[in-house]
Amino acid sequence: MNNLSQEEAEVIQYVRRFANEEVKPLAKEIDIKMEVPDKLIKRMHELGLFASYIPKEYGGYGMSFSFLASVIEELSKACPSTALVLDGALTLFAEPVLMFGSEELKKKYLTRVVNGEIGGLALTEPGAGSDAAAIRTTAQKVGSDYVINGTKIFISNGRLARFYVVDVVTDPERKHKGISTFVVDAETPGLKISRDIHKLGIRGSSTVELVFENVKVPESNLVGKLNEGFKVVMETLDAGRIGIAAQALGIAEGALDEAIKYAAQRKQFGKPITDFEGIQFMIADMGTQIEAARLLVYEAAARWDRHEDCIKISSMAKLFASDAAMKITTESLQLFGGYGYTTDMDAERHMRDAKITQIYEGTNQIQRVIIARKMLEESGI
Ligand code: COS
């Protein structure tokens, strides 16, 4: 049902075991210490997860996007912060390089992703969130280089990233037709992490503000064509949103699994609370939402694998799965009663982790705008 090859389905069994045995026991500590430990990132590399989605010609395993979505789902059941390290590296960094990068750029950076080096995407700015075309970070041509100046905010994988895909203005007169995308190495002089951003959920994921002060990048680091970077980032987000939908699905499943286990052993009025119809209805509704989210996530992933237009389906998957995750984590906490409201249980963390999926890679209000625009366009009216 996940459209996985037999080999991919077998590998997923290992990923599930890794998530259960090595990631899940650390999830609480990751949240408290606000860091995914290096040893987990190394293990993901050893298991070939960074290489999984990279094509064989760049040293990877050439597995499908559906496989990647399944990995993200499995890891997110255990710890969505850990999942985001991989998701960011592959959907937000590797995917745009793969889709639009020159051969030189692909060889240079994708081989490094295969080696477990992490990347990120630097699009959002203090004044440009939902209105992505309003970015103001500039890149000016000086000789054969471009010199970047500006500030980027909410950058996931911030401190872990060795390189970022960065969106900049190269022709201020032309709005979205004057935006270009570059790969910038984190070590480049003038590029600084100006602060860490502390969050409600996915606290293990490093989120930073980046400041660019006369950061020089070679023209050869351009991803796609000059002034065509908006298309690069929009298509990146088409893939990225499927990744977030898979993350939301995993969070919801992780929360519901725990809640069912608890409810089945929690006795009140002389019987397990799962004997009460009110509780059964809650479980049934949550299970149905998860199944519907799963169908959307893997339909979107399959279409991405078939190189079909995914604008509408990826927004639908992200919208539905993230709203479901928020609802399911809230209701799961409710099943724990007073205990769910304490930090003794994981339910409150699941709820905090779910919230971001309704916000990042485009708020769910923006997803609705995208879906409606596409539907109206398709109606031909
Ligand atoms: N995939 C591919 N191309 C897309 C696209 C998508 N999802 N969305 C828009 N485009 C293209 C359009 O086809 C159009 O191309 P042409 O110039 O060839 O006509 C161009 O991009 C501009 O599109 P549009 O006029 O719709 O742009 P808007 O400025 O109105 O913005 C939205 C469109 C709102 C969809 C965009 O700004 C957006 O996605 N915002 C959310 C940003 C986001 O997700 N931020 C999170 C960052 S990562 S944490």
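**Exercise 1. Contacts of the ligand**

In this predicted model, find how far an oxygen atom of the ligand lies from a polar backbone atom of Glu361, and then describe the surroundings of the ligand.

*Solution.* Step 1: Begin at Glu361, where a polar backbone atom is 3.5 Å from an oxygen atom of the ligand. For Gly362, the distance between a polar backbone atom and an oxygen atom of the ligand is 3.0 Å. Asp238 takes part through its side chain, of which a polar atom lies 2.7 Å from a nitrogen atom of the ligand.

Step 2: Turn to the area of the ligand, which exposes 990 Å² when taken alone, and of which the protein buries 70%. The space that the ligand takes is the largest pocket.

Step 3: Look at the residues around the ligand, of which there are 19, and note that Ser130, His176, Lys177, Asp238 and Arg373 come nearest. Helices α8 (229-265) and α12 (364-379) each supply at least two residues of this shell, and the largest share, six residues, comes from α8.

**Exercise 2. A pair of rings**

Decide whether the rings of Phe65 and Trp304 are stacked, tilted or edge-to-face, and state which helices the pair ties together.

*Solution.* Step 1: The structure holds eight aromatic pairs. In the pair of Phe65 and Trp304, the ring centres are 6.0 Å apart and the planes stand at 50°, so the pair is tilted. The reasoning rests on two cut-offs, because planes under 30 degrees apart count as stacked and those over 60 as edge-to-face.

Step 2: Place both residues along the chain: Phe65 lies in helix α5 (residues 65-78) and Trp304 in helix α9 (residues 277-305), so the pair ties together parts that are 239 residues apart in sequence.

Step 3: Consider the accessibility of each residue. Phe65 has a relative accessible area of 1% and is buried, and Trp304, at 11% relative accessibility, counts as buried, because the cut-off for buried is under 20%. Together with Tyr53, Phe65 and Trp304 form one aromatic cluster.

**Exercise 3. Positive phi angles**

Find where Phe154 is placed and where Asn227 is placed, and determine whether each residue is buried or exposed.

*Solution.* Step 1: Recall that most residues other than glycine have a negative phi. Phe154, although it is not a glycine, has a positive phi of about 60°, and Asn227, which is not a glycine either, has a positive phi of about 70°.

Step 2: Locate the two residues. Phe154 is found in strand β3 (residues 145-156), whereas Asn227 has its place in the loop between β7 (207-218) and α8.

Step 3: Apply the cut-offs, by which buried means under 20% and exposed over 50%. Phe154 therefore counts as exposed, with 51% relative accessibility, while Asn227 is buried, with a relative accessible area of 17%.

**Exercise 4. Two buried residues**

Describe the place of Asn364 and its side-chain contact, and then do the following for Ala122: name its strand and give the distance from its C-alpha atom to that of Ser315.

*Solution.* Step 1: Asn364 has its place in helix α12 and, at 2% relative accessibility, counts as buried. The side chain of Asn364 makes a polar contact of 3.1 Å with the side chain of Lys318.

Step 2: Ala122 is found in strand β1 (residues 119-122), and with a relative accessible area of 0% Ala122 is buried. The C-alpha atoms of Ala122 and Ser315 are separated by 20 Å, while the two residues are 193 residues apart along the chain.

Methods:
Residues numbered from 1 in each chain as written. Predicted model: local features only at pLDDT ≥ 70, side-chain atom pairs only at ≥ 80, totals over all residues. Heavy atoms only, no water. Phe/Tyr/Trp six-rings, centres within 6.5 Å; stacked < 30°, edge-to-face > 60°. Helix = DSSP H or I, 4+ residues; strand = E, 2+ residues; numbered from the N terminus. Buried < 20%, exposed > 50% of the residue type's maximum accessible area, 1.4 Å probe, protein only. Near = heavy atom within 4 Å. Polar contact = N/O pair within 3.5 Å; in protein donor to acceptor, adjacent residues only side chain to side chain. Areas by Shrake-Rupley, 256 points an atom, 1.4 Å probe, with all protein chains shown as cover. 1 Å grid on protein atoms, 1.4 Å probe; cavity = no way out; pocket = protein on both sides within 12 Å on 5 of 7 lines; lining within 4 Å. Sits in = over half its atoms within 2 Å of the grid points.
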